[in-house]
Amino acid sequence: MASSSSPCPVEPVADLPSSCSPASHHPLKFITDIGLTVSHAESKVSPCQQADGSPSADVLEPEVTLPEDILWKIHALMPMQDAARAACLSHSFLHSWRCYPKLIFDMRALRKQTKDFINRVDHIMQNHSGVGVEIFKLQTRNDFSVHPSYLDRWLEVALTPGIKEFVLGLPIENEMKYNFPGSLLSGERAHSIQYFHLSSCMFHSVGKVGCLSSLKTVRLHDVGITEEELCLLLSNSFALEHLDLESCYDIRCLKLSHLLSKLNRLDVQSCKMLQMIECSAPKVSILNYDGPTIPISLGGSLQVKKMQMTSTDVPNLLHYASTKLLSIAPNVETLFLYSLYEKVNTPMVLGKFLHLKYLEIKLFIPTRSPDYDFCSLVSFLDASPNLKMFVLRVEAPTIESGLIPGVKIGEDFSLASCVWKHHHGKLKSVIINGFHPWKTMIELTRCILGYATSLKHLILDTTDGYHRRNFAKCSPLGKDTVNEA
C-alpha cells in the first residue's frame, strides 16, 4: 500500500480506476495524461502530491546534479513515456518536461476513446511551455471529432520557432472541415520547419505563410488547396526534396517551377480533378502517379530513374505507357505499370528504353477484356534491350464458364507461335504471378522461352496474389486454386 512518504510506483493508467487521475492542472497532471499515474488505495489525494497539490518532496528525490543543459539533452532523447517517468522523480526533469521537444500523440496506439484522447492531449498542451518543440504529431482515428478551437490552441503551442517536423492527421471524410491557419507558419516559425504533413483539412490561408526556407518534405492528403495556393506555399521552398499529394481535389493543373532545384521525388495520387502535370524541377528521379491517363511533362528531364504509374479507374494504361512514356522518362531504370485492364492490345513501342532493368506490370481485372493478347506485352521487352527482370502480376477473379482472355467463345484453342525477328540477350529472370491456362498467356510464356536467350529463372505462380503475406502468414490456397495448379 503506497503512502505519501514512500516512493511513487508507476503503473499504466488504463489499469487503474478513473479516480486516480488528478483533477487539477498541476504540472504532474500532464504526466499522468500520457499513460502514467501513481498507485494509491486509501487516500483521495495523489501520493505524488502534498495536500495542497504541490509535488511531494519524497517523490521528487533524489535530485540529479548534472548541468541543466546536459539534463535537458538527456531528457529530450528519452521516449515520451520514459521522459514522463523521469519527470515524476526529479524536479530538474519536471522542469525540462515542460519544454519536452517530441510531442507525439497517436490515437490508435493509445487505444483511447475520443473524449479521453482529447482530454489527455489538451492537458499536455496546456501545461507545455511552448518552448523547445521540435516534433509535433497528432494522428487520429475515423471516430475523432473535436471543436476547432482545441486544434487552434494545440497548434499555437506546437508551432513555435525551432519546430522541425509537423504532422496533423485528421480523419478522412470528417465533418469538422478544419481550416488550417496559415498564420501559424509566419515569421520565425516558418524558417525551421523541414517536414510538413496535413491530412483531411482545408488550407486556403496560404498567403499568411512565411518563408519555408528549410522545408524538405511536404505531404498533403485530402487537403483543400488550389494549384495557385500550392504554388504560393512552395514559392520559397528551394530546399524541397519530396512533394506528396493525395486526394487533393481542388488541384486541376500541377505546375512545379525549375526553382525547386532539389526536388527529387514527386508522388501524385487520386487527385481526380487533375488534368495535367508540368514539372520543370531538374532533379526529379522518382515519380509515382496514380490516376487517369493525363499529359505529363517533366521538362525534358533525364533524371527520372524510378517510376510507378497506376490506373485503377480507367483502362488502357499499358497502351498509354507504350506510346507516351519514352517522352516522359526516357532514362527510367525501374518501372511499375499497374493497369485496371486493357481494352486494346499493347502496341509496339517506338523507341528504346536503353536503361530499363526492372519492369513490373500488373493487371487488376484482366477478365474485363477477354480479347486482350498477353503476347503483345513482348513489345515492352523488345523496347528494353538491357532489361534483366520482368514481373507480370495478374489479379484474376473467378472466371465465368467459357470466358478465357485471348480466346473468343467457340474459337479453337490451338496455340499460335509468337515469333520475333531477334532475341533478347539480357533478360535473366521472369515471374508470372496469377498464371492461368489462357491461350495468349501460354503463348507469352512460350515466346519468352524462345526469345530470352540468357534466361536463368522462370517462375509460373498459379496463385492469385499468394506471394503477399498477411500478418506474417501466407493465405491458404483454396480447393479450386489447388486443382487448377
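A residue is taken as buried when its relative accessible area is under 20%. By this criterion, 49% of the 485 residues of the protein chain count as buried in the predicted model described here. The chain contains 13 helices and 21 strands, and its accessible surface comes to about 23,000 Å², with carbon and sulfur atoms contributing 54% of that area. Among the contacts made between residues at least 6 apart in sequence, 63% join residues that are at least 24 apart.

Aromatic side chains offer a convenient entry into the interior. The structure holds 13 aromatic pairs. One of them is formed by F105 and F136, whose ring centres are 6.1 Å apart and whose planes meet at 65°, so that the pair is classed as edge-to-face, a term applied to planes over 60 degrees apart. This pair links distant parts of the chain, since F105 belongs to strand β3 (residues 102-106) and F136 to strand β4 (residues 135-139), with their positions 31 residues apart in the numbering. Both F105 and F136 are buried. A second pair is made by F196 and F203, with ring centres 6.1 Å apart and planes at 50°, and this pair is therefore tilted. F196 and F203 are likewise buried. The four residues named so far belong, together with F166 and F180, to one aromatic cluster.

Several members of this cluster also take part in strand pairing. Strand β4 is joined by five bridges to β5, the two strands running parallel, and within this pairing F136 has F166 of β5 as its bridge partner. Strand β5 (residues 165-169) is in turn connected through five bridges to strand β6 (residues 195-202), again in parallel, and here F166 stands opposite F196 of β6. Of the five residues of β5, four are buried, so this strand is largely enclosed by the rest of the structure. The connection between β4 and β5 passes through helix α7 (residues 148-158), and the three elements together make a right-handed β-α-β unit. A further contact of an aromatic ring, in this case with a charged group, is found where the charged end of R153 sits over the ring of Y150, at 4.7 Å from its centre.

A buried acidic residue was examined next. D244 is found in strand β8 (residues 242-246), and its relative accessibility of 2% lies under the 20% limit, so D244 counts as buried. When neighbours within four places in sequence are left aside, the residues in contact with D244 are V218, R219, L220, H221, D267 and Q269. For one of these, L220, the C-alpha atom is separated by 6.3 Å from that of D244, although the two residues are 24 apart along the chain.

Further along the chain, parallel pairing recurs. An open sheet of three strands is arranged in the order β9-β11-β13, with parallel pairing. Strands β9 (253-256) and β13 (296-297) stand at its edges, and because each has a single partner strand, one side of each is left without a neighbour in the sheet. Between β11 (residues 276-279) and β13, which run parallel, there are two bridges, and in β13 the residue S297 is the bridge partner of E278.

Another series of parallel pairings involves β12, β14 and β15. Strand β12 (residues 286-290) is joined to strand β14 (residues 306-311) by five bridges, the two running parallel, and L287 stands opposite M307 of β14. Six bridges then join β14 to strand β15 (residues 334-339), also in parallel, with T310 placed opposite Y338 of β15. From β14 the chain crosses to β15 through helix α10 (residues 317-328), and this β-α-β crossover is right-handed. The ring of Y338 has, in addition, the charged end of K362 sitting over it, 5.9 Å from the ring centre.

Definitions and conventions: Residues are numbered from 1 along each chain as its sequence is written. This is a predicted model: local features need pLDDT of at least 70, side-chain atom pairs count only at pLDDT 80 or more; totals for chains, interfaces and linings use all residues. Side-chain values use heavy atoms; hydrogens and water are left out. Two strands pair if DSSP finds at least two bridges between them. Rings of Phe, Tyr and Trp (its six-membered ring) pair if their centres lie within 6.5 Å; planes under 30 degrees apart count as stacked, over 60 as edge-to-face and the rest as tilted. Buried means under 20% relative accessible area, exposed over 50%, partly exposed in between (1.4 Å probe, protein chains only). A charge sits over a ring if NZ of Lys or CZ of Arg is within 6 Å of the ring centre and within 35 degrees of the ring normal. Contact means heavy atoms within 4.5 Å. Accessible areas come from the Shrake-Rupley method with a 1.4 Å probe; for residues, only the protein chains shown count as cover. A crossover is right-handed if, with the strands pointing away from the viewer, the path from the first strand over the helix to the second runs clockwise.
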